[in-house]
Amino acid sequence: MRIPPLYQRKGYQRFFAGMAIGFIIGWVFFLIQGGLAHERLIHKIKEQNSIIIDYKKKNEILTSDDKRANEELAKKFKLHEINVRFSNEGSQKLSNLTKMHLKQAVEDDLEHLIGEDTETIAKSNTLLFQAIENKPYRIDDDEQVYRITIDHLYLYTGVLRIYISATPNE
């Protein structure tokens, strides 16, 4: 048995030539359409990347502003300074040096509060009253012991102001 020589017939040759040319044209069409679709996708990805970069920059600016604002706000709510003053300086019979030593002693006792949260200090104001009023203050040069009473206590955003009066303890 022998396979008939169909490759010599013109009809079959045209059919196979048409199939080959159709395959090549189809393949070229597929490559062109795939390339164009790929190019559109690359363009879209680049646009989205530029949008993402813009959003990242905006987000970075906003978060840095928020961080800066939070740091400033945190600084506002921390205690920076303690001022001690005598409320009745005119009626006191204490010398200016004694007043200065008493102010310094009270400020030294409250020095550990610097840097603390003002909310914490406000909650523990009774402890402050008790700590200052129950402690007898002795000045180095004088044998006299002084008792301090707190007349007013003001707590601002970064300042603790205490108005005191001192009486010699007998």
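1. Strands β3 (residues 145-155) and β4 run antiparallel and are joined by 10 bridges. This is a predicted model, and the remarks below should be read with that in mind. The connection from β3 to β4 is a hairpin of three residues. For one position in this pairing, Tyr 154 has Arg 161 in β4 as its bridge partner.

2. Strand β4 (residues 159-169) also pairs with strand β1 (residues 81-86), here in the parallel sense and over six bridges. Within β4, Tyr 163 is the bridge partner of Arg 85.

3. Tyr 163 appears again among the aromatic residues: ring pairs link Tyr 163 with Tyr 154 and Tyr 156 into a cluster. Tyr 154 is also the residue whose bridge partner in β4 is Arg 161.

4. The structure has four aromatic pairs. In one of them, the ring centres of Trp 27 and Phe 30 are 5.5 Å apart and the planes stand at 35°, so the pair is classed as tilted. An angle under 30 degrees would have counted as stacked and one over 60 as edge-to-face. Trp 27 and Phe 30 both belong to helix α1 (residues 10-76), where a spacing of three residues separates them by about one helical turn. How exposed are the two residues? Trp 27 counts as partly exposed at 46% relative accessibility, while Phe 30 has a relative accessible area of 52% and is exposed. The cut-off for exposed is over 50%.

5. A nonpolar patch on the surface is formed by Phe 23, Ile 24, Val 28, Ile 32 and Leu 36, which together have about 490 Å² of accessible area. Leu 36 lies in helix α1 and, with 40% relative accessibility, counts as partly exposed.

6. Glu 47 is another residue of helix α1. The side chain of Glu 47 makes a polar contact of 2.8 Å with the side chain of His 43. At 41% relative accessibility, Glu 47 counts as partly exposed.

7. How many salt bridges does a search of the whole structure find? There are three. One of them joins the side chains of Asp 65 and Arg 68, at 3.3 Å from N to O. Asp 65 and Arg 68 are three residues apart in helix α1, which places about one helical turn between them. Both are partly exposed: Asp 65 has 33% relative accessibility, and Arg 68 has a relative accessible area of 45%.

8. Another salt bridge brings together the side chains of Lys 135 and Asp 109, at 3.0 Å from N to O. This pair links distant parts of the chain, 26 residues apart: Lys 135 is in the loop between α4 (125-133) and β2 (136-138), and Asp 109 is in helix α2 (residues 96-109). Lys 135 counts as partly exposed at 34% relative accessibility. Asp 109 is also partly exposed, with a relative accessible area of 25%; buried would require a value under 20%.

9. The side chains of Glu 119 and Lys 123 form a salt bridge as well, at 3.5 Å from N to O. Glu 119 and Lys 123 are four residues apart in helix α3 (residues 118-123), a separation of about one helical turn. Lys 123 has a relative accessible area of 65% and is exposed.

Definitions and conventions
Residues numbered from 1 in each chain as written. Predicted model: local features only at pLDDT ≥ 70, side-chain atom pairs only at ≥ 80, totals over all residues. Heavy atoms only, no water. Phe/Tyr/Trp six-rings, centres within 6.5 Å; stacked < 30°, edge-to-face > 60°. Helix = DSSP H or I, 4+ residues; strand = E, 2+ residues; numbered from the N terminus. Buried < 20%, exposed > 50% of the residue type's maximum accessible area, 1.4 Å probe, protein only. Polar contact = N/O pair within 3.5 Å; in protein donor to acceptor, adjacent residues only side chain to side chain. Patch = residues over 30% accessible without salt bridge, like charges linked within 9 Å, V, L, I, M, F, W, Y side chains within 5 Å. Areas by Shrake-Rupley, 256 points an atom, 1.4 Å probe, with all protein chains shown as cover. Salt bridge = Lys/Arg side-chain N within 4 Å of Asp/Glu carboxyl O. Pairing = 2+ DSSP bridges.
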